[in-house]
Amino acid sequence: MRPIRPRLALLGAALLAAAPLALATPTTAAADTVAPTVAPTVEEQRLDQAAPQEILRRSGFGDVAPNFARALAGTHSAAEAERVITRDGRALWRRAVDRVQGRGPAGGDLSRGDDRPLYWARLGMTRALGQWQPGFPLTDARRAALLAALERTSRGQDSLDLPAGTKIKRIVVTGFDPFQLDADVRRSNPSGAAALALDGTTIRTDSGTARVETTVFPVRWADFADGTVERTLLPSFGPGPRRVDAFMTVSQGRAGRFDVERTNGAWRGGYPDNANVSRTETVPIPAGVPTPNPQPQWTTTTLPYEKIVAAATGPVPVYDHTEVTEIPAGATTPVVRPDGPTAGSTARAGGGGDYLSNEIAYRATLLRDAVGLKAPGGHLHTPVLQFGAGNTDPATGQVTDPDFVRNREAITAQVRSVLTVVATTTR
């Protein structure tokens, strides 16, 4: 994921274990406090614009938030609300996957491969949850826990259903929400579209069959600092019969090219996220997760980048991208290194830059190393998903056009082809 500029710019141990929310009956006066409704977030406020409403209407997802709000209104306890949220969050993820993969009614004339209905419908649900006024005590902390459950379930983060057994390979792929929406609220993210298209699918190669499971992450610094990546991936990275054989984090990068990012850096460059929040700091590692000590400045891909670059994966060129920005050992000024970091240097940008695409690659590969996972894994940047030549002005443009659809379909197909190369090289 790259901002538009020349360079790319814990939860505690209980949450990391992905345990169900504990929503017991309150026993103290403080716990009986009724939380006020929550003001809509920056992301939720964008919902009222014309383009998001059109996307929801033309996909059939306009009913998601109203139905969810009605279901919440009918609950009589926090535990019942948790069940409704878990059910409806999972149903939204499954509905989005089914629509992209051609199952069930399309719900409208918006092309099936579109990732945006999931994003905007989820925001409708989170806004409904924030505005909900239950008829029973609900603290701020409990409302926040319910929101976390909704985020987790509606992103497929609790449904990475990897099969056991030695006769099938297990692969996890991650994508992202749309971003840079203040510049153009119509934007899609091809990595999210690819994740929806790949979830639950199989890849057959000469070396065996692989099962692919996917999830989508928010474009928010705070969620990453709270451990959403580690919490989601750790169950699949740890020892056991369902341990992954490969993983690939995916995000949108530069126009006209795919990049396999060789090196990831431990630095946040401060570019604003979807909440219009900036963070400039060393990537914070949440407490309670396996991690090397001291924290390394760099991690490296174990994806088979030479084979990916050499393979005929599609019409767009694929590059082994090795450039980083570092502060050399003993120096104070950042410099660009075209061939990767030097010994003892401090990270200022990985191959994937200094935004959340670099960060998810850094976190995933750091976790890989911490738990001793010997598997291909790393980051793939896709081309920018572009609208057609006559549809580039967000003030007057349409939410979709034939070139936009073709571009997204081509990117998704090539991501699948790259993943096939990865599956072929796994043990």
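## A walk through the predicted model

Helix α3 is mostly covered, with 7 of its 10 residues buried. The model is predicted, and this helix is a good place to enter it. The buried residues of α3 are Ala 51, Pro 52, Glu 54, Ile 55, Leu 56, Arg 58 and Ser 59. What covers them includes α5, residues 78-100, and α6. Just after the helix comes Gly 60, which has a positive phi near 85°.

Now look at how α3 meets α6. Two packed helices are described by the angle between their axes and the distance between the axes. Helix α3 spans residues 50-59 and helix α6 spans residues 116-131. Their axes come within 9 Å and cross at roughly 110°. Angles from 65 to 115 degrees count as roughly perpendicular, so α3 is roughly perpendicular to α6. The crossing of the two is left-handed. On the α3 side, the contact uses Pro 52, Ile 55, Leu 56 and Ser 59. An α-helix has 3.6 residues a turn, so residues three or four places apart point the same way. Facing them from α6 are Arg 116, Pro 117, Trp 120 and Ala 121. By class, the residues of this contact divide into 6 nonpolar, 1 polar and 1 charged.

Another helix pair lies further along the chain. Helix α10 covers residues 228-237, and helix α12 covers residues 356-371. They pack at an angle of about 40°, and their axes are 10 Å apart. Here α10 passes α12 in a right-handed crossing. Val 229, Glu 230, Leu 233, Leu 234 and Phe 237 make the contact from α10. From α12 come Ile 360, Arg 363, Ala 364, Leu 367, Arg 368 and Val 371. This contact has 8 nonpolar residues, no polar ones and 3 charged ones.

Turn next to the strands. One open sheet has 7 strands, in the order β2-β3-β1-β4-β14-β5-β10, and its pairing is mixed. Its edge strands are β2, residues 202-205, and β10, residues 318-321, each of which pairs on one side only. Neighbouring strands in this sheet are turned by 25° against each other on average, direction ignored. Within the sheet, β1 (residues 168-176) and β4 (residues 246-252) run parallel and are joined by 4 bridges. Val 173 stands opposite Met 248 in β4. Helix α13, residues 402-425, lies across β1, β2, β3, β4, β5, β10 and β14. The helix runs at about 55° to β2.

A further open sheet has 3 strands, ordered β12-β11-β13, with antiparallel pairing. The edge strands are β12, residues 335-337, and β13, and each pairs on one side only. Neighbouring strands of this sheet are turned by 45° against each other on average, direction ignored. Strand β11, residues 324-327, runs antiparallel to β13, and 3 bridges join the two.

One residue of β13 deserves a stop. Thr 346 is found in this strand, which spans residues 346-349. Ile 327 stands opposite Thr 346. Is Thr 346 buried, exposed or partly exposed? Its relative accessible area is 29%, so Thr 346 is partly exposed. Leaving out residues up to four places away in sequence, Thr 346 touches Gln 297, Trp 298, Thr 325, Glu 326 and Ile 327. Asp 199 is 147 residues from Thr 346 in sequence, and their C-alpha atoms are 37 Å apart in space.

Terms used
Residues are numbered from 1 along each chain as its sequence is written. This is a predicted model: local features need pLDDT of at least 70, side-chain atom pairs count only at pLDDT 80 or more; totals for chains, interfaces and linings use all residues. Side-chain values use heavy atoms; hydrogens and water are left out. Axes are lines fitted to C-alpha atoms, for helices over the stretch in contact, and angles run from 0 to 180 degrees between N-to-C directions. A crossing is left-handed if the near helix is turned anticlockwise from the far one by less than a right angle, and right-handed if clockwise. Contact means heavy atoms within 4.5 Å. Ala, Val, Leu, Ile, Met, Phe, Trp, Tyr, Cys and Pro count as nonpolar, Asp, Glu, Lys and Arg as charged, and the others, Gly among them, as polar. Angles under 35 degrees count as roughly parallel, over 145 as roughly antiparallel, 65 to 115 as roughly perpendicular and the rest as oblique. Two strands pair if DSSP finds at least two bridges between them. Buried means under 20% relative accessible area, exposed over 50%, partly exposed in between (1.4 Å probe, protein chains only).
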